[in-house]
There are 2 protein chains.
Amino acid sequence: MIRKTDRKWIERTAELAGMGMEMGDGGPFGCVIVKENRVIAEGWNRVLAENDPTAHAEMVAIRRACEVLGDFQLNGCELFTSCEPCPMCLGAIYWARPDRVIYSATREDAKKAGFDDEFIYREIPLPARERKIPFDSLPSEECRLVFDRWLKRENKTMY
Amino acid sequence: MIRKTDRKWIERTAELAGMGMEMGDGGPFGCVIVKENRVIAEGWNRVLAENDPTAHAEMVAIRRACEVLGDFQLNGCELFTSCEPCPMCLGAIYWARPDRVIYSATREDAKKAGFDDEFIYREIPLPARERKIPFDSLPSEECRLVFDRWLKRENKTMY
């Protein structure tokens, strides 16, 4: 469901996307996180500026919003992004749990601009060994045991 | 394909996972990034320490490795992680492009320990509007135009 005020925030994501691109910070992507109708954090792609492949607009905005709120959860927040999130950002959104997400351009638009998020979407459901980046499993007692220790811990915070 | 030296690095990820958990930094997850048989970066889950839902062990290690290399790509690197990556970390791995990934515990093990990555894996292929977190699309000329501006830019770095 689209709300009347949504367009204003989506237009802001386009401004951020353009600004970040002009500064050479990274690709043309912007993100705004709103709580109770006020912006609490903004982000734009900073992959090139920071040599950080995880610095997508949504990741930058989520991290800033969590810093502002002093919380690792974005309950009561709305996330606006200039383009449909890639799988990494989609995952981050699920861990941060905002109330809703509104995106503008689609992954097809992104692909035409040279950002092939769709390729990663196709790789995810493949069996680990059939992926373009080879994934192998090496079971170990040590890695399993650390989960047992976690389960036995008292007063732990779940996230 | 598992190599002889892999077990050593996987054991190190279990140590990091245990250490991070004991410090209260976050869940029991560790990651090591190796290049030419030397560790270039290590990470453990710091979601609670940093109030950052994106601070999974793999994300922390990828960001540190890129900082060390001064590059947003991890060519020639191997990523070892104590547990199968969640969709966010899987996406980050695809953007960072290490040569290979070796994980130990599986997503089923993680679920038993209370980390339901599988839930996010199931949400990804769903149509945007059927997801547990509602996703809506709001097409806008501004967001499309910023891609045109990107395509027309000269000397741009692709990532």
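Which residue just after H1(A) takes a positive phi? That's Gly24(A), with a phi of about 80°.

A quick word on the ground rules: this is a predicted model, where local features need pLDDT of at least 70, side-chain atom pairs count only at pLDDT 80 or more, and totals for chains, interfaces and linings use all residues. Residues are numbered from 1 along each chain as its sequence is written, chains are lettered from A and ligands numbered from 1 in the order in which they are written, and side-chain values use heavy atoms, leaving out hydrogens and water.

Now back to helix H1 (residues 6-23) of chain A. Helices (H or I, at least four residues) and strands (E, at least two) are DSSP runs, numbered from the N terminus. At 1.5 Å a residue (times one less than the number of residues), the 18 residues of H1(A) should span 26 Å, and the end C-alpha atoms are indeed 26 Å apart. Its buried residues (under 20% relative accessible area, 1.4 Å probe, protein chains only) include Trp9(A), Ile10(A) and Met21(A). Among the elements covering them are S3 and S4 of chain A and helix H7 (141-152) of chain B.

Next, strand S4 (residues 100-105) of chain A: six of its six residues are buried, so it is largely enclosed by the rest of the structure. Here's who pairs with it (pairing takes at least two DSSP bridges):

| Partner of S4(A) | Bridges | Direction | Residues opposite |
|---|---|---|---|
| S3(A), residues 77-83 | five bridges | parallel | Leu79(A) and Val101(A) |
| S5(B), residues 135-137 | three bridges | parallel | Ser137(B) and Tyr103(A) |

How values were computed
Buried < 20%, exposed > 50% of the residue type's maximum accessible area, 1.4 Å probe, protein only. Contact = heavy atoms within 4.5 Å.
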